[in-house]
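Dear colleague,

I am handing over the structure below, together with some notes on its charged side-chain pairs. Please read the notes alongside the coordinates.

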Amino acid sequence: MDTQELIKKVRKIEIKTRGLSTNIFAGQYHSAFKGRGMAFSEVREYQFGDDVRDIDWNVTARFSRPYIKVFEEERELTVMLLIDVSGSLDFGTRRQMKRDMATEIAATLAFSAIQNNDKIGVVFFSDKIEKYIPPQKGRKHILYIIREMLYFKPESKKTDIGKALEFMSGVMKRRCTAFILSDFYNRTDFFQPLTIFSRKHDVMAIQVYDKLMRELPDVGLIKVTDAETGFEQYVDTSSKSLRNAHSKYWNTRQTQLAETFKKSSVDFISVATDEDYVKYLLMMFKKRN
């Protein structure tokens, strides 16, 4: 991808996702993520109806009349995007690649964050930490993140979500809001590191998948390649029993995945590459209100 093509693609994603953030997600995002709590703002004279528990006794004694402490919501958040860059994301048979959809969703969340005056950071992971972008504010920072999502070439094609979560537990000392974007084709169990991380941080999981992974079409003999290991084999999709076994495997896997997130108190949505991810994000935001 040459420089002009990259700039054009970044701009296209910015126009679409920034518009979504402004027109659709602004209120939903703000109400879904409340900030770290209440911060002291000022003191003022006591008024009828104020809570006596808010009286500032030091100031009251100094001026010989009651004053109260005024608090306001501390809005600034740190938002972290944990983005899977393993080989399995480079797949798509319906409208776009899984990686392209993950990029759009991440950009939409990033623009929603900066409109809310939140910091945004990114971890690109495979079976190791490929790149860490510390949290910052501003449009320039978001455009840098989008360019990296489009252009970044990982060293490994495999996946280890647990490694990403362990890294985040070590690097994020203060509470953050974290989105995991992945197809969740993980060959090792990540329940324990997910549970540890979600105890301190607010975590959401967003799965992107292709419908071919859910249901095989009847198109005869095809060669399939594991994008992470390179293993190749021929599959006879005309076999009804094979197609049924494939669907059963998908459903079992999804049930196990949903149970993992439920036990870890992590919100979870699943979006196919030919679906409108907007409605799924809105569903997740509204569920949190």
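I begin with R65, which has a relative accessibility of 37% and therefore counts as partly exposed; please keep in mind throughout that this is a predicted model. The side chain of R65 meets that of E45 in a salt bridge, with an N to O distance of 3.4 Å. This pair links distant parts of the chain, since R65 lies in the loop between helix 2 (57-63) and strand 2 (67-74) while E45 belongs to strand 1 (residues 37-45), 20 residues apart. E45 is likewise partly exposed, at a relative accessible area of 40%.

In the structure as a whole there are 12 salt bridges, and two others deserve a description here.

One of them joins the side chains of D90 and R99, at 2.6 Å from N to O. Here D90 is partly exposed, with 44% relative accessible area, whereas R99, at 16%, counts as buried because it falls under the 20% limit.

The other is formed by D226 and R187, whose closest N and O atoms are 2.5 Å apart. This pair, too, links distant parts of the chain: D226 sits in the loop between strand 8 (221-225) and strand 9 (232-236), and R187 in the loop between strand 6 (177-182) and helix 6 (191-200), 39 residues apart. D226 is partly exposed at 25% relative accessibility, while R187 is exposed at 53%. Salt bridges with shared partners bring R187, D226 and E228 together in one network.

With best regards

Conventions
Residues are numbered from 1 along each chain as its sequence is written. This is a predicted model: local features need pLDDT of at least 70, side-chain atom pairs count only at pLDDT 80 or more; totals for chains, interfaces and linings use all residues. Side-chain values use heavy atoms; hydrogens and water are left out. A salt bridge is a side-chain nitrogen of Lys or Arg within 4 Å of a carboxyl oxygen of Asp or Glu. Helices (H or I, at least four residues) and strands (E, at least two) are DSSP runs, numbered from the N terminus. Buried means under 20% relative accessible area, exposed over 50%, partly exposed in between (1.4 Å probe, protein chains only).
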